[in-house]
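Ready for some practice in reading a protein structure? Have a look at the picture first, then work through the exercises at your own pace.

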Amino acid sequence: MKVLKVPARTIAVFVLPCLLLYVCLVFIPILVSLYTGLLKWDGLTTAQFVGFGNFKDMFFNDPVFWPSVRRTLLYAVASMLEIPLCLGMAILLNRYVRRGNTLVSIYFTPVILSVVIIGQLWKTVYNPASMGGMLNGVLISLGLDSWTHNWLTEPKIAMFALYFVSLWQFFGYHLLIQYTGVQNIPDELYEAAKIDGADGFKADRYITLPLIVPIFKISIVLAFIGSLQAFDLVMVMTAGGPAHATDVISTHMYNSSFMSLKYGYGSAIASFLVIVCLVFTGFINTLFNRIERKFN
Amino acid sequence: MVNRKMKTTFTVALTAAMALSVAACGNSNDNSKNNAASSAAPDKTNSGTATNTTKSDKKVTITFQNIYPDPTTPSYKMVHELSEQYEKEHPNVKIELDTLNTDQQKVKLKTQAASKEVPDITIVNPAAQMKPFVDAGLFAPLNDMLDKNGLKDTYQTGLLDYYSFDGNVYALPDGNNIEVVYYNKDLFAQAGIANTPTTFEEMLKDVKILKDKGITPLAIGEKDSWTGSFLFMNILLRTNGGPGFLQDVMDGKKTFEDPAFVEAVDAFQQLVQAGAFPDGATSIDANAGGNIFKSGKAAMWVIGSWETGAVDASSVAGKVGAFQFPTVNGKGDPNEFMLAPGSAFAVSANSEHLQETKDFLNFFASNLPKKQFELKNAVGLGQKVDGDLKAAGYSDLAITIAGLFNQVKGGDLSFDNTMNPATSQVHLSSIQNLFVQKMDSAAVAKEHQTAFEANK
C-alpha cells in the first residue's frame with residue numbers, strides 16, 4: 001500500500017471539522033448525560049444534585065432494571081447467533097447459485113423498510129385469531145390449535161416474538177455483508193486448494209473461514225451493539241408492555257425520562273447503556289484480535 | 001520548496017476560511033436571536049396599548065397541538081372548522097395543527113418541554129398532570145384573556161379550579177365528563193339480557209353470558225394503559241364506599257394496602273378472569289379499542305362521556321344506551337362517578353406571538369360550545385350551552401347521558417390526574433399487568449405503596 005506523504009497540518013484541515021462535529025454532537029451530549037444522571041430532575045423544574053443516588057436506585061431498588069438488562073443482552077446474543085447462519089448461507093449461495101445477487105437483494109428488502117412498517121406488519125401477523133392474526137390463523141388451519149398464543153401480550157412469549165422480528169429484519173443485512181466478503185476471496189486460492197486435494201468443506205475450513213474473519217467481526221459488532229440499543233421495534237410493537245415484560249434498557253430509559261418524568265434517572269440508565277456498549281465493543285475487539293492472530 | 005510554500009499558504013487559507021465560516025454561522029445565529037428579541041419587544045408594548053386590534057399585517061403562525069386525530073369524530077371537525085373560520089377572519093394568522101393521539105401527545109409535549117419549546121397552544125390534563133409544567137413556568141396565565149368577552153362566565157362553576165395554581169388559570173378545558181358504561185342494546189338482546197346490571201355480580205354474570213355467545217363483553221384498548229386504570233378506579237370508588245381514596249393516601253390517612261384497594265384489585269381480576277376483555281387487549285391502543293365497540297363487536301364500553309358524539313357518529317348509532325357503573329360487593333353509590341375534567345388548552349409562556357395566540361384561543365374557546373352543539377357533541381361540555389338537546393335532534397343516548405350528569409353526587413379524578421407521574425406510571429403498568437397474568441392482590445397493593453413512598 002502506498003502511503004501519501006502529507007504534512008500533519010493538512011490532515012488536520014480535513015479532519016478537524018469532522019472531529020469538531022463529532023465532539024459537539026456525540027461526545028459532549030454523552031458527558032452532559034453523565035452529569036444529568038447525577039441529578040434528581042423531572043426535566044422541567046429545578047434540578048437537585050444527588051450524586052450517585054440514581055445509580056444506587058437503579059442497581060438495587062428498581063425491579064424493572066435488571067430484567068431489562070437481561071432482555072437486552074439476550075437480544076444482543078440472539079442477534080449474533082444468526083450470523084454464522086448467514087455465513088453458511090453466503091457460502092452456499094456463492095458456490096451453487098448462479099445469480100446470488102438477486103436473491104441477496106430480496107433478502108435485503110426488510111432492511112430498507114421503515115421499522116414502523118415492519119412493526120405494524122408483524123403486529124398483524126401476531127394478532128389473536130379473533131382479530132385475524134395470520135400466524136394463529138395458519139396454526140389453526142393446520143390443526144395445531146393448542147399452539148396458538150397471544151404472541152405479543154403473553155409476558156413469557158412477547159420478548160421472543162420481538163427477537164424473531166428483529167432476526168428476520170436483519171437477516172438480509174448480515175447475509176449481504178457475509179456474501180460480499182465471501183465473493184471477495186480470490187478464486188485462485190480455491191483452484192490451488194483443489195489441486196492440492198482440498199475441496200468443499202475442507203476448502204471452507206482452511207480458506208474461507210480464516211479470510212472471512214474480519215468481515216465476520218464487523219457483522220458481530222454491528223449486530224451486538226445495534227441490539228444493545230434496540231428501541232424502535234420494541235416501541236412500535238409493544239412499547240415495553242405488557243407491564244414491562246418487553247422492556248429493554250432503552251425503552252426503560254425512555255419511559256423513566258418521559259412517562260415517569262424522572263429525567264435524571266433516565267440519564268443514569270443512558271449512562272449505563274453507553275458504558276455497557278463501550279465495554280462490549282472493547283471485549284469483542286480483543287477477542288477477534290486474538291482469533292485473527294491465531295489464523296495468521 | 002515553492003511547492004511546500006504553496007501548500008502552507010493553502011493550508012492557512014483553508015483554515016482561515018473555515019474559521020471565518022464558523023464565525024459567520026455564529027454571527028448569523030446571534031442576529032436572528034436579536035431579531036426575534038427585538039421583534040418580540042414591541043409586540044408586548046403593542047398588545048398593552050391596543051388589546052383588541054389584532055388585525056395587524058404581520059404574518060403569524062400559531063402552532064396548535066391537539067388530540068383529535070380521528071376525522072370521523074365531531075371534535076376533529078370542531079377544531080378544523082373553527083381554525084379555518086379564524087384564518088378567514090384574520091388573513092395574517094395561520095393556525096398550524098399538530099394532531100396526535102393522546103399518548104403520543106403527552107410524550108411529545110414532555111420532550112418539547114424539556115427543551116423549553118412548547119407549542120403555542122398545547123393540551124394538558126388537569127391537576128397533578130399539569131402541575132410540573134406550571135411549576136416550571138412553561139405556561140402563560142390566562143386570567144386577562146378569560147376576562148375578555150365574558151369567556152370566564154361560560155365555564156361551569158368550579159371547573160377552572162382544576163387548572164388553576166396560585167390564583168392563576170393556566171388552561172381552558174374542552175369538557176367536563178363522567179365515566180359511564182355504554183352498552184349495545186342489540187347485542188344485549190341477542191344474548192338474552194333484559195336489564196342492565198346494577199351490581200358487579202350481575203355484571204360478571206352478563207359478561208359470562210356474552211362471552212358464551214361469542215360476543216366480546218367489554219371493549220378496551222389497554223396498550224394505552226390509562227384505559228384500564230380508568231375502569232379500575234371506578235371499582236375502587238365503589239369498594240372504598242365513596243370518593244377520596246387517593247387523597248387519603250396522600251394525606252397519610254390510608255395506604256394502598258388498605259382493604260378497599262385490595263378488594264378492588266380482586267374484583268378487577270374477576271372481570272379479567274371471566275374473559276370480559278378482548279384477546280390481546282394490551283396490544284390494542286385506545287382508539288382501536290373504542291372501535292371494537294363502535295363497530296358493534298363488543299357489548300359494553302366503560303369510558304368517559306366524551307365519546308357520546310363519536311358513538312352517535314359511528315355504525316352503532318341508535319343501538320347504544322348508557323348506565324352507571326354498578327355497585328361492587330354492595331358498596332358504593334352509583335351516582336358517584338369517575339370525573340374527568342377535560343384535557344385543556346394551555347398557552348406557552350415563551351410563545352413568540354403570545355397576544356395573537358391568546359386572541360385566537362379566546363375566539364376558539366368562546367365558539368367551542370356552539371360548534372360542538374351544532375356537531376351534536378355537546379354532552380359533557382365544560383361550558384354552558386344554550387339550546388335544548390331534544391329540540392336540536394340529539395340522540396336518545398345523548399339525552400340519557402345528559403340525564404346522568406344531573407345525578408352526579410361527586411366522585412374522583414383519574415389516578416394520573418391525582419398522583420405524581422412516577423407513582424402513576426407504576427400504577428398504570430401494574431394494572432396493565434392484571435390483564436395478562438393473575439396477581440396476588442396484596443402484592444399489587446404493596447407494589448403501589450412502595451412506589452408511592454419512593455416517589456413522594
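Two exercises with worked solutions follow, one on an interface and one on a strand.

This is a predicted model, in which local features need pLDDT of at least 70 and side-chain atom pairs count only at pLDDT 80 or more, while totals for chains, interfaces and linings use all residues. Residues are numbered from 1 along each chain as its sequence is written, chains are lettered from A and ligands numbered from 1 in the order in which they are written, and side-chain values use heavy atoms, with hydrogens and water left out.

**Exercise 1. Describe how chain B meets chain A**.

Step 1: Start with the contacts (heavy atoms within 4.5 Å). On chain B 32 residues take part, and on chain A 31 residues.

Step 2: Turn to the area. The size of an interface is often given as the accessible area lost when the parts come together. Here "buried area" is that loss, found with a 1.4 Å probe and summed over both parts. Chain B and chain A bury about 2,700 Å², with 67% of it on carbon and sulfur atoms. On the chain B side, B:Val107, B:Lys110 and B:Lys223 supply 17% of the buried area, more than any other three residues.

Step 3: Look for polar links. For salt bridges (a side-chain nitrogen of Lys or Arg within 4 Å of a carboxyl oxygen of Asp or Glu), the count across the interface is 0.

Step 4: Find the elements involved. Helices here are DSSP runs of H or I with at least four residues, and strands are runs of E with at least two, numbered from the N terminus. α1 (2–49), α3 (102–114), α4 (131–135) and α16 (421–436) of chain B each supply at least two residues to the side that touches chain A. The largest share, 7 residues, comes from α16(B).

**Exercise 2. Is strand β7 of chain B mostly covered or uncovered, and which strands pair with it?**

Step 1: Check burial (buried means under 20% relative accessible area, 1.4 Å probe, protein chains only). In β7(B), residues 176–184, 9 of 9 residues are buried, so the strand is mostly covered.

Step 2: Compare the faces. In a regular strand the side chains alternate between the two faces of the sheet. Buried residues of β7(B) include B:Ile178 and B:Val180 on one side and B:Glu179 and B:Val181 on the other.

Step 3: Find the partners, where pairing needs at least two DSSP bridges. β7(B) runs antiparallel to β11(B) over 3 bridges, to β9(B) over 5 and to β10(B) over 4.

Step 4: Locate examples. B:Asn176 has B:Pro341 of β11(B) as its bridge partner, B:Tyr182 has B:Trp301 of β9(B), and B:Asn184 stands opposite B:Val320 of β10(B).

Note on methods:
Buried area = accessible area lost by both parts, 1.4 Å probe. Buried < 20%, exposed > 50% of the residue type's maximum accessible area, 1.4 Å probe, protein only.
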